[in-house]
Amino acid sequence: MKKLLSLTLCSIFSLSVLAGCTKTKPVAELNLYTWDNLFPKEVLDNFTKETGIKINYSTFDSNEAMLAKLESTKGGDYDVVVADDYIIEMAIKEKLAKSLDKTRIPNIKNVNPLYQGHYFDPKDQYSVPYGAGIQTIIYNPDLVKIDITGFDDLLDPSLKNSIGITNNFRVIHGMSLIADGKSVNEENIEAIEKTGKKLLKMAPNIRLIKEENLQDDILSGDISVGLMYTSQVTQACVANPKLKVVYPKEGVGFGIMAQFIPVHAPHEKEAYTFIDYILRPEVSKTCFENVGYYSTNKEADQLIDKKYREFLTLPSSLKIDEMEVMRNISNEAMETHARLWTEFRSACGQ
């Protein structure tokens, strides 16, 4: 009996050890850092299912917050970051981004050359495009009495308390500067002050200033006009094809989002695996259809569902070399923008 008990205990002990080993077996991980909802859940789940790599998804609410975090960790903690062009330029200058080994990203061949070689990474040495967009006006013709063709039309008194705009002063001030024949990256303080005064004339027309889900407000009828990001315009137009999209006659701003690997990423191998996975045409197609930005993957373009395709590929009437991209500007210019934006928001009751 004692012998049998001893054997039983040994068996239990052995199973416990095996179980313990199983529990402590290392699990591959990837620390992804970007905006909320930038990747469809099904894409992330399928990546983990296929590779066994667990994704730890962390979010930021502004490019500047991302850079500050990356600076505090000295380019560590995170494995893949997705952010906007101008902030990636800063990360590169601060040596916070890793120079990529493109032999480890075979699907990089799928990237549309239109979105490569831009100012923030001219040799495409550090980043891989994920999506692109422009700042667009959208309106409901059933609720608007005028024909909107450009930014200056948003000052029309008939639009009182009916406009929703994104909460980004570089975007809004930039469009106003373009309308005045200036650069979106204007450094002249007097010119920036002038656009601030001009925006105050639009204040009575502003109903909402917000960053997230502005498309819901035009769909509900809470606003009749919106100045939104490409992703929001796409979602609104798919839900209500009667809405009109306006590429401002004065000119438009253009931007690219891209993925990069921080210089001291703790899981470098997994980072390369993720970036290459996202560049698969069928995976990119799913991402663009869900997120709503312009496709930067030329092999994914024809896979995109026809009901989305016109919204997810750059219109032929727009030429990238004729559009202006947002760049970093002087501290004095930024401080002027910030002060004027505070005054504008106050005038709007926001």
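The exercises below deal with the nonpolar cores and cavities of a predicted model.

**Exercise 1.** Find which residues touch the most other members of the largest nonpolar core, and which helix gives the most to this core.

Solution. Start with the size: the largest nonpolar core has 63 residues. Within this core, the residues that touch the most other members are Leu38, Phe39, Met66, Tyr130, Phe254, Phe274 and Ile278. Next, turn to the helices: H9, which covers residues 268–278, gives the most, with six residues. Finally, look beyond this core: another core of 27 residues lies apart from it, and its members include Ile148, Leu159, Met175 and Trp341.

**Exercise 2.** List the contacts of Met66, leaving aside neighbours within four places in sequence.

Solution. First set those neighbours aside. The contacts of Met66 are then Tyr33, Phe60, Val81, Ala83, Ile87 and Phe260.

**Exercise 3.** Describe the largest cavity by its volume, its lining and the elements that supply the lining.

Solution.
1. Searching the whole structure gives three cavities of 30 Å³ or more.
2. The largest cavity holds about 60 Å³ of space.
3. Its lining consists of Gln135, Val171, Gly174, Met175, Ile178, Val184, Gly253, Phe254, Glu324, Val325 and Met326.
4. Sorted by type, the lining has seven nonpolar residues, three polar and one charged.
5. At least two lining residues come from each of helix H5 (169–179), strand S9 (253–260) and strand S10 (324–325).
6. Helix H5 gives the most to this lining, with four residues.

To link the exercises, Phe254 lines the largest cavity and is also among the residues that touch the most other members of the largest core. Met175 lines the largest cavity too, but belongs to the core of 27 residues.

Methods:
Residues are numbered from 1 along each chain as its sequence is written. This is a predicted model: local features need pLDDT of at least 70, side-chain atom pairs count only at pLDDT 80 or more; totals for chains, interfaces and linings use all residues. Side-chain values use heavy atoms; hydrogens and water are left out. A nonpolar core is a set of buried Ala, Val, Leu, Ile, Met, Phe, Trp, Tyr and Cys residues joined through side-chain atoms within 4.5 Å. Buried means under 20% relative accessible area, exposed over 50%, partly exposed in between (1.4 Å probe, protein chains only). Contact means heavy atoms within 4.5 Å. On a 1 Å grid over the protein atoms alone, a cavity is a set of points where a 1.4 Å probe fits but cannot get out, and a pocket is an open set with protein on both sides within 12 Å along at least five of seven lines; lining residues have an atom within 4 Å of a point. Grid points are joined across faces, edges and corners, and a volume is the space filled by probe spheres set on the points. Ala, Val, Leu, Ile, Met, Phe, Trp, Tyr, Cys and Pro count as nonpolar, Asp, Glu, Lys and Arg as charged, and the others, Gly among them, as polar.
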